[in-house]
Amino acid sequence: MSDYGRVQEAVRRMHAALFAHLQACSAPAQASTSIENFSHSMRSKIDSLEFCLRLLSAIEWDKFWTGLTPSLPQGLAVSRMEDGIFLIHLNARDARAFVVILVEHLASNAKNVTDVLAGLLNDLWSLRLSAPQTNLENVYKVILQRNSSHPLAALFAPLVTGRTSWLAVSREVRNQSQHRDATQILKSDFGRACAPYLSRDLLPTIDESERSLEVFCPRLVNRVYQFMEEASSALCALPSL
């Protein structure tokens, strides 16, 4: 089974285990709705991660740098349908902006996976966090107060305390890409036929080789998938706090 298939299966297992838990205890009615919302939202985010990664992985970077033109041929539409296929035509400037959009969306979905899980736990365990407070950091604090031996505590700890955790990195990429020019986000060596890399200013503690999109993007998605599989195992084993 692929990584994508395993994480989807992990979400299904978590869904089934939590519903079984609700039937065995007097959990609030809202928890049932939260589980359904969580499963739907998580599947959507996993699909988005996979789609962005597939698009980025399909780019032939040598042709990307040398084959793009500054403007589209006269009369060529930006998008069109052809034989049931949706085609997009982009000039050099728009194509580079499109890559930034994909990276931003990838990072946003990676970060939002943790927000969706935090929302589920807030409802399932009646943590009483307000909407603005509902994030992995605050859920982690409550878990430590109520049951520091819960397996999710050990899973969350490196994410909320580490400055270079995949959660911290994806949050930084998402935030900065929304407020900075594309040329400040992605750097490239035009003499080399390779993928662009995230700016050192953006991620100063990470080596250039690890900031390459060919390395950074699949590694980020892999870590998100691994996190969800481990979270699923932890909640299946101990659904109560």
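Is W166 buried or exposed, and what is its relative accessible area? In this predicted model, W166 is buried, because its relative accessible area of 9% falls under the 20% that marks a buried residue. The views below begin with the chain as a whole and then turn to single contacts, where W166 appears again.

**Figure 1. Overview of the predicted chain, with its 10 helices and 4 strands.** Read along the sequence, the helices and strands follow one another in the pattern α-α-α-β-β-α-α-α-α-α-β-β-α-α. Taken along the principal axes, the C-alpha atoms fill a box of roughly 65 × 45 × 35 Å. The chain has 241 residues, and 42% of them count as buried. Among the contacts in the chain with a separation of 6 or more, 63% are accounted for by residues that stand 24 or more positions apart.

**Figure 2. The aromatic pair of W61 and F64 in helix α3.** The search of the whole structure finds 3 aromatic pairs, and one of them is formed by W61 and F64, whose rings lie 5.0 Å apart from centre to centre, with 70° between the planes, in an edge-to-face arrangement. Both residues belong to helix α3, which covers residues 61-67, and they are 3 residues apart, or about one turn of the helix. W61 is buried, and F64 is buried as well.

**Figure 3. The aromatic pair of W166 and F227, which links distant parts of the chain.** The ring centres of W166 and F227 are 5.6 Å apart and the planes meet at 65°, so this pair is edge-to-face, the class for planes over 60 degrees apart. W166 lies in helix α7 (residues 166-177), whereas F227 lies in helix α10 (residues 213-237), and the two are 61 residues apart. F227, like the residue of the opening question, is buried, with a relative accessible area of 3%. Ring pairs also bring in F156, so that F156, W166 and F227 are linked into a cluster.

**Figure 4. The packing of helix α4 against helix α10.** Helix α4, which runs over residues 92-124, packs with α10 at an angle of about 10°, and the axes of the two helices are 11 Å apart. That angle makes α4 roughly parallel to α10, since angles under 35 degrees are counted in this way. The crossing in which α4 passes α10 is left-handed. On the α4 side the contact includes V99, V103, L106 and A107, and on the α10 side it includes L213, C217, L220 and F227. By class, the residues of this contact divide into 17 nonpolar and 1 polar, with no charged residue.

**Figure 5. The crossing of helix α5 and helix α6.** The axes of helix α5 (residues 136-147) and helix α6 (residues 151-161) come within 10 Å and cross at roughly 140°, and the two helices are therefore oblique to each other. Their crossing is left-handed. In α5 the residues that take part are L136, E137, V139, Y140, I143 and L144, and they meet L152, A153, F156, A157, L159 and V160 in α6. The contact of α5 with α6 has 11 nonpolar residues, no polar ones and 1 charged one. F156, one of the α6 residues in this contact, is also part of the ring cluster with W166 and F227.

**Figure 6. The surroundings of H21 in helix α1.** H21 has its place in helix α1, which covers residues 3-24. At 17% relative accessibility, H21 counts as buried, because the cut-off for a buried residue is under 20%. With its neighbours within four places in sequence left aside, H21 is in contact with L124, P239 and S240.

**Figure 7. Two partly exposed residues of helix α10, N222 and V215.** N222 lies in helix α10 and is partly exposed, with a relative accessible area of 34%. Although N222 and L49 are 173 residues apart along the chain, their C-alpha atoms are separated by 10.0 Å. V215 also lies in helix α10, and its relative accessible area of 26% makes V215 partly exposed. The C-alpha atoms of V215 and L72, which are 143 residues apart along the chain, are separated by 31 Å. Leaving aside the neighbours within four places in sequence, V215 is in contact with S209 and E210.

Terms used: Residues are numbered from 1 along each chain as its sequence is written. This is a predicted model: local features need pLDDT of at least 70, side-chain atom pairs count only at pLDDT 80 or more; totals for chains, interfaces and linings use all residues. Side-chain values use heavy atoms; hydrogens and water are left out. Rings of Phe, Tyr and Trp (its six-membered ring) pair if their centres lie within 6.5 Å; planes under 30 degrees apart count as stacked, over 60 as edge-to-face and the rest as tilted. Buried means under 20% relative accessible area, exposed over 50%, partly exposed in between (1.4 Å probe, protein chains only). Axes are lines fitted to C-alpha atoms, for helices over the stretch in contact, and angles run from 0 to 180 degrees between N-to-C directions. Angles under 35 degrees count as roughly parallel, over 145 as roughly antiparallel, 65 to 115 as roughly perpendicular and the rest as oblique. A crossing is left-handed if the near helix is turned anticlockwise from the far one by less than a right angle, and right-handed if clockwise. Contact means heavy atoms within 4.5 Å. Ala, Val, Leu, Ile, Met, Phe, Trp, Tyr, Cys and Pro count as nonpolar, Asp, Glu, Lys and Arg as charged, and the others, Gly among them, as polar.
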